[in-house]
Structure formats: C-alpha cells, structure tokens
Amino acid sequence: MKRILVTGGAGFIGSHLCERLVNDGNDVICVDNFYSGSKENVWHLIGKPNFELVRHDVINPYWAEVDEIYNLACPASPIYYQTDPIQTTKTSVFGAYHMLGLARRTKAKILQSSTSEVYGDPNVHPQPESYWGNVNPIGLRSCYDEGKRCAETLFFDYHRLHNVRIKVIRIFNTYGPRMAVSDGRVVSNFVVQALRGEDLTIYGDGQQTRSFQYVSDLIDGMLRVMETGDDFTGPVNLGNPGEFTMLELAEKVIKKVGGKSKIVFRPLPSDDPKMRKPDITVAKNKLGWEPKVTLDEGLDHIILYFRDYLAKH
C-alpha cells in the first residue's frame with residue numbers, strides 16, 4: 001500500500017484517479033478547495049478506510065507523509081479559470097511550488113498534470129512534446145496557459161537542482177462522467193444542450209479541430225507514467241489522436257441523442273486554438289500506452305450519464 005496525495009482530487013479527472021487508486025488498495029488523501037470540484041464526485045469514496053477528504057487550497061502549504069503526489073489542482077474549464085484569472089495563475093504556480101516542496105521533503109515521486117494548452121494556437125500539427133508552443137502571454141486564456149507552462153518550469157528546476165523525482169504529462173481534451181453540467185467544455189456542452197432540446201452552440205465556423213480522450217484511458221496513462229523509472233520525467237502527451245471538427249462532433253451528438261436540436265454559430269473567443277491533435281509516439285514507446293475508447297463509444301457513455309444526471313437534478 002502506498003500513501004498517495006491527489007490535489008484537485010474532487011474534480012472531474014481527480015475523482016476518477018482517486019477511485020482507481022483507492023480500488024487498487026492505496027491509502028489516498030484527496031485535497032480540494034471545491035472551487036470547481038465537488039464532494040458529490042467522491043461521495044461514494046467517503047467512509048472507505050483508505051480514503052481521506054481534506055478541504056484545502058494549494059496556494060497555501062500542505063504537509064503530510066506521502067509516497068506519491070498527483071498534482072491536479074487547477075480549474076480546467078475556461079468558464080471557471082477566467083472567472084478569477086489571478087487565482088488561476090496562483091493555483092498553478094504556488095500549487096506546484098508547494099507540492100514540489102512537499103515532494104522534496106518526503107522524497108515522494110510527483111506527477112504534474114499539465115495540458116495541451118501549453119502549445120497554444122499551434123504552428124506545428126500534430127503537436128509533439130518537443131514543440132515549444134505559440135502562446136499569447138497576455139490574453140484571456142493566459143492565466144491557465146502560462147500558469148501551466150510556469151508549473152512545468154518549476155518541476156524541471158526542482159528536478160535539476162534538488163533531484164526531485166518528477167513526471168510531467170500534457171493532457172489533451174478529456175471527457176466522461178462527472179464533468180460539470182455548466183463547465184463550458186465542448187463535449188459536455190453539446191450533450192447537455194441536445195438532451196435539453198436546445199440548439200448546439202458552435203463558436204467560429206466549426207472547422208477548428210480537437211482530439212477527444214475518454215477519462216478511463218487518461219487514468220490508465222497517468223498510472224503508467226507514475227510507474228516508470230526515475231530516468232523518465234516526461235513531458236509526455238496523453239490524448240487520443242483521433243481528430244474531429246466541432247461540426248463533426250455536434251452532428252454526432254445530435255444523431256445519437258435525437259430530437260430537433262439545430263446548430264447555431266457564435267463568434268470565436270480570443271486565442272481559441274484552431275487545431276489540436278497529440279503526437280503520442282513517446283507514450284507508445286515509453287509507456288506501451290495508447291487510448292482504447294473511440295469517440296463513438298465514449299459519447300454513448302457520457303450521454304447515458306448526463307441523461308441520468310439531468311433526470312435527477
């Protein structure tokens with residue numbers, strides 16, 4: 001049994017990670033300030049002898065004796081992270097700083113959940129880990145994009161200066177059960193709008209592309225990264241290389257849900273990337289990992305989840 005700290009553990013991805021770690025027999029401390037996370041996401045784990053839920057904001061230090069740390073704390077939806085952009089930057093930067101300090105003291109292995117947003121609006125397609133990105137440092141999305149980039153810098157400096165055992169992953173668009181209904185991300189947006197009989201909102205002309213990864217594939221990749229030897233630090237892309245336009249996604253959702261929803265178009269937000277597709281060569285070679293769940297399969301799962309959720313709420 002390992003003692004594992006998960007920051008942001010009550011969030012969408014964090015709750016799935018906590019569930020997997022608890023079910024694997026580890027002693028898990030879930031830390032969250034519940035800004036974008038929810039107790040409801042981990043309610044089924046409360047009461048288990050190897051699960052502990054702590055309300056704490058990682059912009060402040062946290063102390064515990066742990067073997068591993070998964071640093072997931074930071075709102076990932078534009079609606080949440082742009083509401084208080086200063087807090088978003090502080091969460092990424094101070095959170096990384098405090099968790100790295102804890103890892104240094106306890107000699108724990110630590111994983112940083114970075115993001116495909118470090119590539120910005122890319123000039124290279126698909127995006128390999130060697131690409132440095134094309135990011136606007138002063139835009140509306142910068143609090144998240146640059147916060148995550150700075151966190152990566154801190155991780156590698158702690159590794160070089162203090163020999164902290166680090167792992168850095170770059171997560172591409174991920175979806176699945178426990179996404180917030182109102183979080184503004186495209187898969188949940190489209191599914192909820194279709195289930196409510198509303199028109200589906202596309203920003204821009206709908207030709208911008210994204211690659212969609214089901215959450216179970218991501219969790220499997222995260223665990224594989226943490227299990228690698230200390231010589232492998234990453235960064236490593238974790239995402240599904242299947243690439244779809246927003247129009248294709250909207251049409252798939254309408255077809256699966258049924259009903260009379262139409263597609264409506266709105267202006268494209270500033271700095272919205274035109275392309276997203278991970279190059280997962282490193283993940284295949286170093287981890288033996290690649291996603292298994294197709295978009296069609298994943299959409300079936302999340303439509304069932306939101307249909308049940310909306311019926312109860």
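The following conversation introduces selected features of a predicted model.

Visitor: Is R178 buried or exposed?
Guide: R178 lies in the loop between β7 (174–175) and α6 (186–195). The cut-off for a buried residue is a relative accessible area under 20%. R178 has a relative accessible area of 16%, so this arginine counts as buried.

Visitor: Which residues is R178 in contact with, leaving aside its neighbours within four places in sequence?
Guide: Contact here requires heavy atoms within 4.5 Å. With those neighbours left aside, the contacts of R178 are F12, S15, H16, E19, N41, H44 and Y305.

Visitor: What kind of aromatic pair do Y305 and F306 form?
Guide: The structure holds seven aromatic pairs. In the pair of Y305 and F306, the centres are 5.2 Å apart and the planes make an angle of 65°. Planes over 60 degrees apart fall in one named class, and the pair of Y305 and F306 is therefore edge-to-face.

Visitor: Which of the two classes, buried or partly exposed, applies to F306?
Guide: Y305 has a relative accessibility of 23% and counts as partly exposed. For F306 the relative accessibility is 0%, so F306 is buried.

Visitor: What do the end C-alpha atoms of helix α10 say about its span?
Guide: Helix α10 comprises 18 residues, 295–312. At 1.5 Å a residue, this helix should span 26 Å. The expected span agrees with the separation of its end C-alpha atoms, which is 26 Å.

Visitor: Where around the axis of α10 do its buried residues lie?
Guide: The buried residues in α10 are L295, G298, L299, I302, I303 and F306. An α-helix has 3.6 residues a turn, so residues three or four places apart point the same way. The buried residues of α10 cover an arc of only 135° around the axis, which means that they lie on the same side of α10.

Visitor: Which residues are exposed on the other side of α10, and what covers the buried ones?
Guide: Elements covering the buried residues of α10 include β7, α6, β10 (213–214), β12 (243–245) and α8 (246–257). On the other side of α10, the exposed residues are L304, A311 and K312.

Visitor: Which residues does F212 touch, not counting residues up to four places away in sequence?
Guide: F212 is found in the loop between β9 (209–211) and β10. Its relative accessible area is 3%, and F212 is therefore buried. Beyond its sequence neighbours, F212 touches N173, Y175, V186, V187, N240, G242, F244, M246, L249 and L295.

Visitor: How many residues of α7 are buried?
Guide: Helix α7 covers residues 215–227, and the 19 Å between its end C-alpha atoms agrees with an expected 18 Å. Among the buried residues of α7 are V215, D217, L218 and M222. The helix is mostly covered, and the number of buried residues is 10 of 13.

Visitor: How many residues has the largest nonpolar core?
Guide: In soluble globular proteins, nonpolar side chains tend to be buried together. Residues with the most contacts inside the largest core include L17, Y70, V187 and M222. Outside its sequence neighbourhood, Y70 is in contact with residues including L17, L111 and M222. The largest nonpolar core has 60 residues.

Visitor: How many residues make up the second, separate core?
Guide: This second core includes A73, A103, L154 and V168. It is separate, and its number of residues is 26.

Definitions and conventions:
Residues numbered from 1 in each chain as written. Predicted model: local features only at pLDDT ≥ 70, side-chain atom pairs only at ≥ 80, totals over all residues. Heavy atoms only, no water. Helix = DSSP H or I, 4+ residues; strand = E, 2+ residues; numbered from the N terminus. Buried < 20%, exposed > 50% of the residue type's maximum accessible area, 1.4 Å probe, protein only. Phe/Tyr/Trp six-rings, centres within 6.5 Å; stacked < 30°, edge-to-face > 60°. Core = buried A, V, L, I, M, F, W, Y, C linked by side-chain atoms within 4.5 Å. Expected span 1.5 Å × (residues − 1). Arc of directions from axis to C-beta.
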